[in-house]
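Work through the exercises below with the model open. Try each task before you read its solution.

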Amino acid sequence: MTPLITPTVPNQRIELLDALRGFAIFGILMVNMALFYNPVTSMLLGYTGSDSTLNLIFELFIKFFFEGKFYVLFSMLFGYGFWMFINRNTNDGKSIIPTFRLRVFFLLLFGISHVVLLWAGDILVFYSILGFILILFRKKSDRGLIKWAVWLALIPSIVVLIGWGFYLLASIHPESKEAFEAGMQGNATQMRQLAEESAIAYSSGSFSEIVNARLKEYSNIFFGGILVFYPVVLAMFLFGAWAARKGIIAYYQQHLPFFRKALVWGLAIGIIANFLFTYAYTQAPLGELGLWGFLGTSMHTLGGVMFCLVYVSAIVLLINKGKLKKFSSLMVPVGRMALTNYLLHSIICTTLFLPYGFGLFGKFAAWQGVLLTVVFFSLQIPFSRFWLNRFNYGPFEWLWRSLTYLKVLPFVKKN
């Protein structure tokens, strides 16, 4: 029986999309690495001032060039892929939306398993939940997609600004101010306690204790990200869907003026925004009420989007000039099995850092994390090429696609 909907085969893929996915996987690992050998909650605590100068340099390097840039890029690519998926032809002319719902449902199961068994910093659950919401925007006009994306991206800054406004109003009355500050101090104390308890579990706890700590961290991040993280991801989904509708990556040669403008404006705005974000990080945690908390939150979003545009535009323009052929050939296999490579980060790193593995949790510094990231990703490149020379899909991609299409897809390549 001929399937009504079939997965994209390798020779139908857009290589530039896969190259960008591979590049995004590298940037995501660079940011996430510190959250494998530290509690994930530590990213909400801000700068403690206890690091050496060398560690601070590497930490600020990651903040300026990586943090907030690559989950934005990956989210944009998800939105791009969504638009390509829902506009594929089916043999019977029926809607492909039920298949897409099935696809994101199984992604949700992957994400839940990832959180429970491996790591509290999972992004797949967020993506799957927002993937269901993304369906609602499929008939929006181009202008509607962009307007929604802009407003959604502004939500984290608006939330912090409103909170700051309430704090200033409370400051008029000493009793209200005291109660407000006590509440904020209590939240900060609770966050530090959670980070400390998690660090103990990840350093010397049993597997059940580690799972319990992981779930506590994740629930904190999950609910804390509803107004801070979710809106930006959905905004980039919508921007990616708009870009796919316009064919901006698939037919990039026709959109070179767009990429040139994006590069110039992205650099001009992004450098300032990321400088402010990086400096604000040393003054206050993201989301904290006050000037630095507001600047950190707003510039995290603005700087992330701008540098995402810079990275994509620079890659596209250089590829157009024939100067990144080697880069593209290295990144494409990694991007074609992005889900597998993303999950491998957690599989390998938890084995390396947690007690049931090599027990190196809390024993790495920022500069060592950067070095490990480069080494790890350098190994993923030949591994991805080796694997795809022998198999049609990465192992998790094969499983995901087989579940989505409710049939066992060919795994091993035929000679």
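**Exercise 1. Count the disulfides, then place two cysteines as buried or exposed.**

Step 1. The structure holds 0 disulfides, a disulfide being a pair of cysteine sulfur atoms within 2.5 Å.
Step 2. Set the accessibility scale: buried is under 20% relative accessible area, exposed is over 50%, and partly exposed is in between (1.4 Å probe, protein chains only).
Step 3. Cys308 has 1% relative accessibility, so it counts as buried. Cys349 is buried because its relative accessibility is 1%.

Some ground rules apply. This is a predicted model, in which local features need pLDDT of at least 70, side-chain atom pairs count only at pLDDT 80 or more, and totals for chains, interfaces and linings use all residues. Residues are numbered from 1 along each chain as its sequence is written, and side-chain values use heavy atoms, with hydrogens and water left out.

**Exercise 2. Judge the confidence of the model.**

Step 1. Take pLDDT, the predictor's confidence in each residue, from 0 to 100. The protein's mean is 90, and 94% of its residues reach 70 or more.
Step 2. Go to the elements; helices (H or I, at least four residues) and strands (E, at least two) are DSSP runs, numbered from the N terminus. Helix H7 (residues 174-204) has the lowest mean pLDDT, 84, and H13 has the highest, 97.
Step 3. Keep a caution in mind: where pLDDT is low, the predicted coordinates should not be read in detail.

**Exercise 3. Describe the second largest pocket.**

Step 1. Its volume is about 790 Å³.
Step 2. The lining comprises 33 residues, and those closest to the pocket centre are Arg13, Arg21, Gly81, Arg103 and Arg401.
Step 3. Several helices each supply at least two lining residues, including H1 (15-32), H4 (97-117) and H15 (395-405). H3 gives the most, with 7 residues.
Step 4. Sort the lining by class: 19 nonpolar, 6 polar and 8 charged residues.

**Exercise 4. Locate Pro333 and list what it touches.**

Step 1. Pro333 lies in helix H12. Its relative accessibility is 10%, so it counts as buried.
Step 2. Pro333 and Ile381 are 48 residues apart in sequence, yet 7.1 Å apart in space, C-alpha to C-alpha.
Step 3. Leaving out residues up to four places away in sequence, Pro333 touches Ser384, Arg385 and Leu388; contact means heavy atoms within 4.5 Å.

**Exercise 5. Examine the backbone at Leu406.**

Step 1. Leu406 is found in the segment after H15.
Step 2. Its phi is positive, about 55 degrees, although Leu406 is not a glycine.
Step 3. Leu406 counts as exposed because its relative accessibility is 67%.

Terms used:
On a 1 Å grid over the protein atoms alone, a cavity is a set of points where a 1.4 Å probe fits but cannot get out, and a pocket is an open set with protein on both sides within 12 Å along at least five of seven lines; lining residues have an atom within 4 Å of a point. Grid points are joined across faces, edges and corners, and a volume is the space filled by probe spheres set on the points. Ala, Val, Leu, Ile, Met, Phe, Trp, Tyr, Cys and Pro count as nonpolar, Asp, Glu, Lys and Arg as charged, and the others, Gly among them, as polar.
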